[in-house]
Amino acid sequence: MAAVKHHTLEKELAAIPQGQIPNLFLIFGEAYLAKEAYEKLESFLIHADSNELTIEKLDGAVTPVGDIVEQTATFSFLAPRKMTVVTKIPLFQADSSASVRYTDSEYRVLENFIKGGWPAEHILVLITGQGDRRKKIFKTIDSHGMAIDCTVPSGARKADRDEQRAVLQSVTARVLEKHGKQIDGPAFHSLVDRTGFNLDTLVTNLEKLSAFTADRSSISTEDVSRVVVREKKDPIFNLTNAI
């Protein structure tokens, strides 16, 4: 199964036939989009069955594979259905903040657990910052569940910049719609120029701008210049940091 892109997730979930909902999901990519994807998935799973769903969350950065397996397989006393959510699981990268490092044997334990299955009413959601389609664990997860791709290209090619811009515009529209606000083209350009491609910072600034403009429905370039601190780094600084 090809990974589902974040912006088509709701449509893909709605198209799943009754009784065929996977009990394994992998969400990978940009943190803000992954958070949105999880919220959509959680809402869908809660309403997909009349039975109650209990949700238990684990920090993958400190939780061994054995504990993840045990938690997923253990029945809940609180509700017929159970969802185990593992955030920041270091499946594909050496996360400097993670104290857990998977060995080859631990990867095999997880792969065998996935292949062997668990009770249908138990759902496992794995959330990570990166996904590597070449890895065996990715292929195992993708063949037994649903992978949700929240990545955004970071390159400077026109196609990459166009996709980055589309994501920025989409997130901006969703945030401002909640506040009954709009932003004109020049103001949006100014905002992006100050924040760069950082969705958490973008959303924080949009919230500030919405509060600052109070009863006004439109956000202007002047509003942006008064409220938003420039955080975008010029390419030369990015290059220096990389070196």
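This is a short chat about the sheet, helices, cores and salt bridges of a predicted model.

Student: Where do I start? How many strands form the sheet, and in what order?
Tutor: Start with the sheet. It is an open one of 6 strands, in the order S1-S6-S2-S5-S4-S3. The pairing is parallel.

Student: Which are the edge strands?
Tutor: S1 and strand S3, residues 53-59. Each of them pairs on one side only.

Student: Give me one pairing up close. How many bridges join S4 and S5?
Tutor: Strand S4, residues 81-87, pairs with S5 over 5 bridges, in the parallel sense. Look at Met-83: its bridge partner in S5 is Ile-123.

Student: And helix H2, which strands does it touch?
Tutor: H2 packs on the sheet and touches S2, S3, S4, S5 and S6. The direction of H2 makes about 160° with that of S2.

Student: What about H5, which strands does it lie across?
Tutor: H5 lies across S2, S5 and S6. It runs at about 130° to S2.

Student: Which residues of H5 are buried?
Tutor: H5 covers residues 136-144, and Ile-137, Phe-138, Thr-140, Ile-141 and Asp-142 are buried there.

Student: What covers them?
Tutor: The cover includes strand S2 (24-29), helix H4 (104-116), strand S5 (122-128) and S6.

Student: New topic: the core. How many residues are in the largest nonpolar one?
Tutor: It has 44 residues. Phe-25, Ile-27, Val-125, Ile-148 and Val-171 have the most contacts inside it.

Student: Which helix gives the most to it?
Tutor: Helix H2, residues 31-47, with 8 residues.

Student: What lies apart from that core?
Tutor: Another core, of 24 residues. Phe-28, Val-86, Leu-126 and Ile-141 are among them. You met Ile-141 as one of the buried residues of H5.

Student: Back to Val-171. What does it touch?
Tutor: Leaving out residues up to four places away in sequence, Val-171 touches Tyr-32, Leu-33, Leu-199, Leu-202 and Val-203.

Student: Now charges. How many salt bridges are there?
Tutor: The count comes to 12. Take Lys-5 and Asp-149: their side chains meet at 3.7 Å, N to O.

Student: Where do those two sit in the chain?
Tutor: In distant parts. Lys-5 is in strand S1 (residues 4-5) and Asp-149 is in strand S6 (residues 146-150), 144 residues apart.

Student: Is Asp-149 buried or exposed?
Tutor: Buried, because its relative accessible area is 5% and buried means under 20%. Lys-5 has 24%, so it counts as partly exposed.

Student: Which residues are linked in a network of salt bridges?
Tutor: Lys-5, Arg-133, Asp-149 and Glu-163.

Student: And H2, which salt bridge lies in that helix?
Tutor: Lys-35 and Glu-39 both lie in H2, 4 residues apart, which is about one turn of the helix. Their side chains meet at 2.9 Å, N to O. Lys-35 is partly exposed at 49% relative accessibility, and Glu-39 is partly exposed at 40%.

Student: What does Glu-36 meet in a salt bridge?
Tutor: Arg-174, at 2.5 Å, N to O. This pair links helix H2 with helix H6 (residues 158-179), and its members are 138 residues apart.

Student: Is Glu-36 buried or exposed?
Tutor: Buried, with a relative accessible area of 14%. Its partner Arg-174 is partly exposed, at 31%.

Terms used. Residues are numbered from 1 along each chain as its sequence is written. This is a predicted model: local features need pLDDT of at least 70, side-chain atom pairs count only at pLDDT 80 or more; totals for chains, interfaces and linings use all residues. Side-chain values use heavy atoms; hydrogens and water are left out. A nonpolar core is a set of buried Ala, Val, Leu, Ile, Met, Phe, Trp, Tyr and Cys residues joined through side-chain atoms within 4.5 Å. Buried means under 20% relative accessible area, exposed over 50%, partly exposed in between (1.4 Å probe, protein chains only). Contact means heavy atoms within 4.5 Å. A salt bridge is a side-chain nitrogen of Lys or Arg within 4 Å of a carboxyl oxygen of Asp or Glu. Two strands pair if DSSP finds at least two bridges between them. Axes are lines fitted to C-alpha atoms, for helices over the stretch in contact, and angles run from 0 to 180 degrees between N-to-C directions.
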